[in-house]
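Q: Could you walk me through this protein before I go back to the bench?

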Amino acid sequence: MPPLPQARQGQRVEVKQRPVPFSFWPSRRGRLHYGLQSLLFARDPWLVIGRTVKNECPRNRQPEALAYLEQSMDFYSAATSAGITAARPLALYYSFMNLVKSYCLTRGARATFDQAQHGLSEQRAPGTRELLGALLRAFPSVPANPANNFDEFMQVYSGTGLAAARDYQLPVLLPQIVPGHRLWAQAAKENERFIAIHDLQFWHRLANRTMWLNLYFLADDLSRLSVTHQRLLDESRLAGAFREVACNLQFQGRDLLCIEQIATHAYPGGYPADEFEHVIDPIRGRVWVTVGTVSPYRRYYVYLSGPAEQPFVLPQVLSMYAIMYYIGSITRYRPHQYDAIVKGAYGPWIQEFVNGQPLQFIYLMASEFAKQDVTKPSIL
């Protein structure tokens, strides 16, 4: 193996002699420059979402957005009530759907979701079993027509929507969920596909005022899963934007490997916070996150997928939304099939998803609304 290139000369970005922790939204626009913002603790994420809609949704869309938000809250409350089990996935999907409409009205360009359609169609290939033989067909929105919710969500969240109808096989979507992933691996008899990112750090070089991002992984996390360093780059879709560089760092006696952003970004005004978004953009949609109630409050991961599956890897919240649509659909139209799935090999994964993912989705979406990390406090 040829020697690795040396890491770029520089130092971590600090403000007031403190390293800037990673976030998808580490700073917020101020009067003259961007200023750092902190983690926002919220026992009730709906309040954060409601405040954002009232403050930032265009005034002509605000009544509709607030109505969808109220519906989303009511469906979520019904779904999580103690006596609700059989209809829980359907109520959760409608909660997700209405929350997404409110988000798109607040952050997107469409003026209304009146007469909007799901934008997804749940199908199953003839002769195949439920779940493993299922697919979701997603349809693009047309500006002059009623909205297709899924494509509108994709456009607002990622900046790019569907160019044409696309099929997403359920077996390709299922492993894209972080919590419960090992339950999926056991049921599917597959290797794990998520690799935890030990740390993400903003670095810069003062001499030329350029900035970049470094990602650190525990080397034994890769060896445990027999994942080569090149495979990590290729299958996480980081190759081309990041490269591995020489690293002699350790964490508690465990070797770290460093993945360095290839392109640097200039901050000519002398304030790195003004330009954070430009070094973060290349990893959006390529990094997964779980929300916790104890420090470090956010854990980040990359997802490994082969070339054939990579076109069907969705940003995290979209895969959560799509799977909830599928489970909600069979709950509504074929409840006996939902019962059969829960009793089968994927039953523990399904139950983990239905019971554990909704609150993750709400907190992740609260962060998207607020453009700030939002988490639940550990002390009530």
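What follows is a conversation about the overall build, the cores and some single residues.

Q: What kind of model is this, and how are residues numbered?
A: This is a predicted model, in which local features need pLDDT of at least 70 and side-chain atom pairs count only at pLDDT 80 or more, while totals for chains, interfaces and linings use all residues. Residues are numbered from 1 along each chain as its sequence is written, and side-chain values use heavy atoms, with hydrogens and water left out.

Q: How many helices and strands are there?
A: The protein has 12 helices and 19 strands, where helices (H or I, at least four residues) and strands (E, at least two) are DSSP runs numbered from the N terminus. Its radius of gyration is 21 Å, close to the 21 Å that the globule rule gives for 380 residues, so the protein is as compact as a globular protein of that length. That radius is taken over C-alpha atoms, and the rule is 2.2 Å times the number of residues to the power 0.38.

Q: And what does the C-alpha trace span?
A: Along the principal axes, the trace spans about 60 × 50 × 45 Å.

Q: How much of it is buried?
A: Buried residues make up 49% of the 380 residues, with buried meaning under 20% relative accessible area, exposed over 50%, and partly exposed in between (1.4 Å probe, protein chains only).

Q: What share of the contacts is long-range in sequence, say 24 or more positions apart?
A: Among contacts with a separation of 6 or more, 70% are between residues 24 or more positions apart; contact here means heavy atoms within 4.5 Å.

Q: Switching to the interior, which residues touch the most other members of the largest nonpolar core?
A: Those are Phe150, Phe217, Tyr321 and Phe361, in a core of 104 residues. The largest share of this core, 12 residues, comes from helix H12 (residues 347–370). By definition, a nonpolar core is a set of buried Ala, Val, Leu, Ile, Met, Phe, Trp, Tyr and Cys residues joined through side-chain atoms within 4.5 Å.

Q: What does phenylalanine 361 touch?
A: Not counting residues up to four places away in sequence, phenylalanine 361 touches Phe96, Leu99, Val100, Val317, Met320 and Tyr321. There is also a second, separate core of 7 residues, which includes Phe194, Ala196, Tyr301 and Val313.

Q: Which residues of H4 are buried, and what do they pack against?
A: In helix H4 (residues 149–158), Asn149, Phe150, Asp151, Glu152, Phe153 and Met154 are buried. The buried residues of H4 pack against several elements, including helix H3 (88–107), helix H10 (316–333) and H12, and also strand S7 (120–124). Just after H4, glycine 159 takes a positive phi of about 90 degrees.

Q: Is cysteine 104 buried or exposed, and what does it touch?
A: Cysteine 104 lies in helix H3 and counts as buried because its relative accessibility is 2%. Leaving out residues up to four places away in sequence, cysteine 104 touches Arg61, Ala109, Phe113, Glu152, Phe153 and Val156. The C-alpha atoms of cysteine 104 and glutamine 155 are 8.9 Å apart, although these residues are 51 apart along the chain.

Q: Different spot: where is serine 27, and which residues is it in contact with?
A: Serine 27 is found in strand S4 (residues 27–29), and with a relative accessible area of 14% it is buried. Beyond its neighbours within four places in sequence, serine 27 is in contact with Tyr34, Gly35, Leu36, Gln37, Ala273 and Phe276.

Q: What about glutamate 275, buried or exposed?
A: Glutamate 275 counts as buried, because its relative accessibility is 18%. The residue sits in the loop between strand S16 (265–266) and helix H9 (276–280), and, leaving aside neighbours within four places in sequence, glutamate 275 is in contact with Met211, His265, Ala266 and Tyr267.

Q: Which backbone oddities should I look at?
A: The peptide bond from serine 295 to proline 296 is cis, with omega near 15 degrees, and proline 296 lies in the loop between strand S17 (288–291) and strand S18 (298–303). Glutamine 252 has a positive phi of about 50 degrees although it is not a glycine; at 70% relative accessibility, glutamine 252 counts as exposed. Lysine 371, likewise not a glycine, has a positive phi of about 55 degrees and lies in the loop between H12 and strand S19 (374–375), where lysine 371 is partly exposed, with a relative accessible area of 40%.
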